[in-house]
Amino acid sequence: IKGKSFAVELTRAGLAHLFIIPPFDADKTAAILAAQKEAREANRGIWATARYQGLFHITSFHADPWGNDNMNLNGEAVRIACVGVEPADLKGYKLHNKRGEYYEFPELMMEPGHTVLVHSGHGTNKLNPKKQMRLYWGRVASAWTNKRDAATLRDADGGLVDESLHSGRGRTK
């Protein structure tokens, strides 16, 4: 589209959402956020589906890192994006695996479009939105099975927000 941003037009059509991994250009993201708000309010494309009705969306699920999972716990990760039109807090939300184990989110205010990466292992939480935000579950063993697992995000009341399925290495639905 001559003279127009492909990212903005794709988002305006409801075929994409903003996904920020810092560093980022605030001027460019503002135009994409405006297009996203327009598409969301019009229920265009992805915004007409249940997966995008909430404030958060699982954008990637890495259940099977390379090597021994128990030796690479931080290779297991789930990325969550704020897809609401206003800042939203993840506090009290829970990320579940199929075994019924879960990680409960601390207070984490996220701006629209920003993402947080939740690692299975240990580390120091990084909550600066000017850098990639990272949280650590603190597990000593793998959180996810390598076949047929699901990362399920539930709100503080237990309501389903989003789910991502993993059926084997490199295959996430």
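1. I would begin with Asn74, which counts as partly exposed, at 30% relative accessibility. Please keep in mind while reading these points that the structure is a predicted model.

2. As for its place in the chain, Asn74 is found in a loop, the one that runs between strand S1 (56-62) and strand S2 (77-82). The chain position of Ala156 is 82 residues away from that of Asn74, and the C-alpha atoms of these two residues are separated by 25 Å.

3. When neighbours within four places in sequence are left aside, the residues in contact with Asn74 are His119, Ser120, Gly121, His122 and Tyr136. With one of these, His122, there is a polar approach, since a polar atom of the Asn74 side chain lies 2.9 Å from the backbone oxygen of His122.

4. Turning to His119, a student may ask whether this residue is buried or exposed. His119 is buried, because its relative accessible area is 7% and the cut-off for buried is under 20%. The residue belongs to strand S7, which covers residues 115-119.

5. The side chain of His119 takes part in two pairings that deserve to be read together. In one, the His119 side chain reaches the backbone oxygen of Asn74 at 2.8 Å; in the other, a polar contact of 2.8 Å joins the side chain of His119 to the side chain of Arg134.

6. Finally, if residues up to four places away in sequence are not counted, His119 touches Asn74, Glu76 and Ala77, and also Arg134, Leu135, Tyr136 and Trp137. Tyr136 is worth finding in the structure, as it is listed among the contacts of Asn74 and among those of His119.

Methods. Residues numbered from 1 in each chain as written. Predicted model: local features only at pLDDT ≥ 70, side-chain atom pairs only at ≥ 80, totals over all residues. Heavy atoms only, no water. Helix = DSSP H or I, 4+ residues; strand = E, 2+ residues; numbered from the N terminus. Buried < 20%, exposed > 50% of the residue type's maximum accessible area, 1.4 Å probe, protein only. Polar contact = N/O pair within 3.5 Å; in protein donor to acceptor, adjacent residues only side chain to side chain. Contact = heavy atoms within 4.5 Å.
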